[in-house]
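This briefing concerns one helix contact and one strand with its pairing partners. Please consult the sequence and structure shown here alongside the points that follow.

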Amino acid sequence: MDPTTYARHELLDALQRDPYPLYARARQADGLTFVPELDAWLVARDADVREVLLRSEDFSSAQSLRPDVLPAPAVFGVLGRGFGQRPTVVSTDGPAHRRHRAPINRGLSAARVAALTPYATEVATRLVDGFAADGHTEVMTSYAGELPGAVIGRLMGFAPEDVPAAVHGGHRAEQLLFRPMTEDEQLAAAEDVVALQHLLDRYARERRAQPRDDLCSAMVAALAPDTGLGPGTRELTHDQRNELVSSLQNFLVAGHLTTTALIGTALFHLLSHRDQWELLCARPELIPGAVEEAARFDTAVQGFRRTVTRPVVLAGTELPAGATVFVAYGSANRDEARHEEPDTFDITRPASPTRHVSFGHGAHGCPGSQLARTQLRLTLELFTRRFPGLRLAKDREVVMRPTMIHRSPLELPVTW
């Protein structure tokens, strides 16, 4: 890695580990602030964030998942053995977005989430039972990284034995998009992503032949409807397989990594603010409010890029067509104009999901927000009941992952 690239990565890492000072300066500045590390104009104020998210015709999602780091050329040779990336629910607008979103909305309906909750509770309890007698654990590995993967695997219809590989592949896809790595590390990650894609392709083809009552079947039916003589009579085309693999991979990554991050940051801030943890243990009726405050205070998905489609003026700043903006949910959630004492972590704050934008806003609002909230709620119910004496381990500093996507502790060692 050349010195200039290394220096840029160092600056980007520092920004990603703690973006909040930059956000605060940007909210007070006139107009928008250009951030070289993000190669984008920073949209920092709550009102401006909401405006952009409601104007998809002017601010396109097409490049929302543009890689932070361009992989080495050899990596593309490995990825060529997998499936080509196609637009997904995250990177489309208008009718295309609605087409991708419809089966996801149905698969994540209130009734579906309610039906899935007993399974999530069972998995959470089993995970906790596995370390309860030890007196210590590293939460990100033993719990936060396990529960959401099991739940999303169940929702999608994966066999239990395939869930670990799917979850691992999702992590590796995120790393390849957003983390600087050596070429050898990139190549290894690409191999894992290709393995995940072939796993997802197998499920798509199996569900075309034999549909089941799961989200994978619903996505196959919606995105690649069978126009043959009857159900399962026509094999998926090459283009359909590419689109389905892209969409299934996107849903898998978004469906478990965001919730893993939410659980990790929520527990970290509750334990860092001892009075808040003790209050929650004493008053479990505050758990719904604690869920919303955790999501607001340190947002798992800090934001997404949008591309300007025509010359526009936003917050007094003239933006040409093709300009990139970074729509910072994490900054909007600390906006003094919307939240009283926004830098204070307070679980007694009035709990209103519409007061923050942690799960987006408008057409691209997260369809899985209720499932994520449910998993955090049952986690807090379980941990406050089982481990009221839970504390951060004194001998190990908690460091945040350097990312704007799925912000969470690298490790969260705790004792009780």
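In this predicted model, Phe-304 of strand β5 stands opposite Val-327 in strand β8. The points below begin with that strand and then turn to a pair of packed helices.

**Strand β5 and its partners**

- Strand β5 spans residues 303–308 and is mostly covered, with 6 of its 6 residues buried.
- Gly-303, Arg-305 and Thr-307 point one way from β5, whereas Phe-304, Arg-306 and Val-308 point the other way.
- In a regular strand, side chains alternate between the two faces of the sheet.
- The pairing of β5 with β8 (residues 324–328) is antiparallel and extends over 5 bridges.
- Strand β3 (residues 59–60) also runs antiparallel to β5, and 2 bridges join them.
- Within the pairing of β3 and β5, Ser-60 stands opposite Thr-307.

**Helices α6 and α16**

- Helix α6 (residues 110–131) packs against helix α16 (residues 369–386) at an angle of about 40°, and their axes lie 10 Å apart.
- The two helices, α6 and α16, cross in a right-handed sense.
- On the α6 side, the contact residues are Val-113, Leu-116, Thr-117, Ala-120, Thr-121, Ala-124, Thr-125, Val-128, Asp-129 and Phe-131.
- On the α16 side, they are Gln-370, Leu-371, Thr-374, Arg-377, Leu-378, Leu-382, Phe-383 and Arg-386.
- By residue type, the contact of α6 with α16 comprises 10 nonpolar, 5 polar and 3 charged residues.

Methods
Residues are numbered from 1 along each chain as its sequence is written. This is a predicted model: local features need pLDDT of at least 70, side-chain atom pairs count only at pLDDT 80 or more; totals for chains, interfaces and linings use all residues. Side-chain values use heavy atoms; hydrogens and water are left out. Axes are lines fitted to C-alpha atoms, for helices over the stretch in contact, and angles run from 0 to 180 degrees between N-to-C directions. Helices (H or I, at least four residues) and strands (E, at least two) are DSSP runs, numbered from the N terminus. A crossing is left-handed if the near helix is turned anticlockwise from the far one by less than a right angle, and right-handed if clockwise. Contact means heavy atoms within 4.5 Å. Ala, Val, Leu, Ile, Met, Phe, Trp, Tyr, Cys and Pro count as nonpolar, Asp, Glu, Lys and Arg as charged, and the others, Gly among them, as polar. Buried means under 20% relative accessible area, exposed over 50%, partly exposed in between (1.4 Å probe, protein chains only). Two strands pair if DSSP finds at least two bridges between them.
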